[in-house]
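The following exercises are to be worked with the sequence and the coordinates at hand. Each task is followed by a solution in steps.

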Amino acid sequence: MYYQLKPQTGRARHDRSVLCASRTLDIGQTPSCTLPLPDDAAHEPALFASIVPLESGQGWCIVRRCDWADIRLDGEQLGITAPLKHGQTLAFGTPAGERSFAFSVHHDGTYDEAQGIVTRSLPTHRSAWWAAALALVATGVSLWVWLAGRGTDDSMAGYDFDQYAPSIYHIQADSVYLMRDTVVGGRRQSLVVRAAELDAPTAGTCFLTDDGLFVTARHCVEPWITDEEWDGVALNAQLSPAVRMAVEAETANMLAGTDVMHVRAHCVVSRGMERYEFYSTDFIINRRRDQIVCLGTDRHPLYWRNIFPVATRRDMELGDMAYVASPGLRGTITLARLDDLRAFDRQPDKRIAVLGYPVSDAGTADYISHVYGNSQHLTYTPDSSALDACIAMSAAINKGNSGGPVMARVGKRMMAVGIVSKGDASATQGTFWAVPASEVSELHARGDSLPVEQVRFRR
């Protein structure tokens, strides 16, 4: 038994039918995708979705891999996942146009599963099959992928998560400062150019690891990357002072070719009577994933530092993590390393629990909530030396969970496999993305010093 994806739109001489049975099929714009979609200038190339075989071997499901992508199954927007049936239509929309494919299941016995995926050009005769085995980055996933969209799983409720409560903290940034580096008396100093208190302090979660690190999401300590009011064209009074100062600093540096301007935020980590104060510059941040985005207009350029990939201005993916050494404290939460995440990816039990302080209409919770769900499989770099994407998970998180640990059992140990980064745009399916905990482990193991790599990208 195998399925066929037959193009219904696009140029027939370039689009191909894809036949597949037992392997994962990636669809999108990245080089690893077997079924490529056209690139567009507005977004960084992305992996849109994957078609994976069910563990039973009796069918397939499609899994959303990108929260902003326009993916429709029989005209309805795809949630986190859905089973595929014979006769359905899959549509993928990009600014460069729409591609739609007919999904059909075949039992004619002419397909050799040992060949994996086979493509053929259109139009052509049925006898002119192309025999080509294509390498993919993902393997088959188990039946839980299909079930992930049906709601959260509370089967981890039996675990004693209260033991981690002393290691879970509130974190907020309450004020920002525009700074200029200068030389006074032969010594380099940072002088405050302007300061402002935030009308709406950021609210998030921070956790203390067993090796003495306070870990959180980067956007909890850099509030200038989370403002939702800015359209990227012109600065105005409605923007938060954090955004205005950050754009002013980045634009001045880019136009002058210097790095003397910068912003910092005052951050408070607290739990009960405990209170620790840091600045955003105290936190270690992995800037290798940063991009310098040119916004504004050609006559009045505005520059912005964002976290890879640039899909919309406030997207946060890999790199959305930060940590700082605690003042002699030790927590009870262990960070997963890359080998731990590989083991987690191989095991059938991918249940997770999110610990943190969610924000609701009533305000920020004073209790630690336990939200249960499932994790999707992990995506690695082509050389398998690191993870290449955030981990997509299903759990009903809210604002305020950002920066909190995603706990999971790896073998016989409970550890943090990820750091909450963001939820999906509509928040209807309980999908959220977590930065792999190995991002912190690897950066810290290298002495917190990695070269800054900036990629300039014109919106």
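## Exercise 1. Strand β30 and its partners

Strand β30 is largely enclosed by the rest of the structure, because 6 of its 6 residues are buried. The model examined here is a predicted one.

**Task.** Determine which bridges join β27 to β30 and which join β29 to β30, and name a bridge partner from β30 in each case.

**Solution.**
- Step 1. Strands β27 and β30 run antiparallel and are joined by 4 bridges. Within β30, Ala434 is the bridge partner of Ile391.
- Step 2. Strands β29 and β30 also run antiparallel, with 5 bridges between them. Here Phe432 of β30 is the bridge partner of Gly423.

## Exercise 2. The nonpolar cores

**Task.** Establish how many residues the largest nonpolar core has, and which elements each supply at least two residues of this core.

**Solution.**
- Step 1. The largest nonpolar core has 46 residues, and those with the most contacts inside it are Ile352, Val406, Val417 and Phe432.
- Step 2. At least two residues of this core come from each of β16 (213-216), α4, β23 (351-356), β27 (391-394), β28 (405-410), β29 (413-423), β30 (431-436) and α5 (438-445).
- Step 3. Strand β29 supplies the largest share, 6 residues.
- Step 4. A second, separate core has 31 residues, including Leu198, Phe214, Val263 and Met316.
- Step 5. For a view from one residue, take Val406: leaving aside residues up to four places away in sequence, Val406 touches, among others, Ile352, Met393, Val417, Phe432 and Ala434.
- Step 6. As general background, nonpolar side chains tend to be buried together in soluble globular proteins.

## Exercise 3. Helices α4 and α3

**Task.** Decide which residues of α4 are buried and which are exposed; then describe the span of α3 and the strands against which its buried residues pack.

**Solution.**
- Step 1. In helix α4 (residues 338-346), the buried residues are Leu338, Asp340, Leu341, Phe344 and Asp345.
- Step 2. These buried residues line one face of α4, because they fall within an arc of 155° when seen down the helix axis.
- Step 3. Asp339 and Arg346 are exposed on the other side of α4.
- Step 4. The general rule behind such a reading is that an α-helix has 3.6 residues a turn, so residues three or four places apart point the same way.
- Step 5. Helix α3 (residues 241-256) has 16 residues; from its first C-alpha to its last it reaches 22 Å, close to the 22 Å expected at 1.5 Å a residue.
- Step 6. The buried residues of α3 include Pro241, Val243, Met245, Val247, Glu250 and Asn253. The strands that the buried residues of α3 pack against are β13 (168-184), β14 (187-197), β17 (261-271), β20 (290-296) and β21 (301-307).
- Step 7. Gly257, just after α3, takes a positive phi of about 70°.

## Exercise 4. An open sheet and a loop residue

**Task.** Give the strand order of the open sheet of 5 strands, and state whether Thr24 is buried or exposed.

**Solution.**
- Step 1. The order of this open sheet is β4-β3-β5-β6-β9, and its pairing is mixed.
- Step 2. β4 (35-36) and β9 (81-83) stand at the edges; each has a single partner strand, so one side of each is left without a neighbour in the sheet.
- Step 3. Strand β3 runs antiparallel to β5 (residues 47-53), and 4 bridges join them. Asp26 stands opposite Ser50 in β5.
- Step 4. Thr24 lies in the loop between β2 (16-20) and β3 (25-28). Thr24 is buried, with a relative accessible area of 1%, which falls under the 20% cut-off.
- Step 5. Thr24 and Val52 are 28 residues apart in sequence, and their C-alpha atoms are 4.6 Å apart in space.

## Exercise 5. Aromatic pairs

**Task.** Classify the ring pair of Trp60 and Phe103 and that of Phe92 and Phe101.

**Solution.**
- Step 1. The structure holds 12 aromatic pairs. The pair of Trp60 and Phe103 is edge-to-face, at 6.3 Å centre to centre with 70° between the planes.
- Step 2. This pair links distant parts of the chain, with Trp60 in β6 (residues 60-64) and Phe103 in β11 (residues 97-106), 43 residues apart. Both Trp60 and Phe103 are buried.
- Step 3. The ring centres of Phe92 and Phe101 are 6.3 Å apart and their planes stand at 65°, so this pair is edge-to-face. Phe92 and Phe101 are both buried.
- Step 4. A cluster linked by ring pairs is made up of Tyr169, Phe214, Tyr276, Phe278 and Phe283.

How values were computed. Residues are numbered from 1 along each chain as its sequence is written. This is a predicted model: local features need pLDDT of at least 70, side-chain atom pairs count only at pLDDT 80 or more; totals for chains, interfaces and linings use all residues. Side-chain values use heavy atoms; hydrogens and water are left out. Buried means under 20% relative accessible area, exposed over 50%, partly exposed in between (1.4 Å probe, protein chains only). The arc is that of the directions from the helix axis to the C-beta atoms. The expected span of a helix is 1.5 Å times one less than its number of residues. Contact means heavy atoms within 4.5 Å. A nonpolar core is a set of buried Ala, Val, Leu, Ile, Met, Phe, Trp, Tyr and Cys residues joined through side-chain atoms within 4.5 Å. Two strands pair if DSSP finds at least two bridges between them. Rings of Phe, Tyr and Trp (its six-membered ring) pair if their centres lie within 6.5 Å; planes under 30 degrees apart count as stacked, over 60 as edge-to-face and the rest as tilted.
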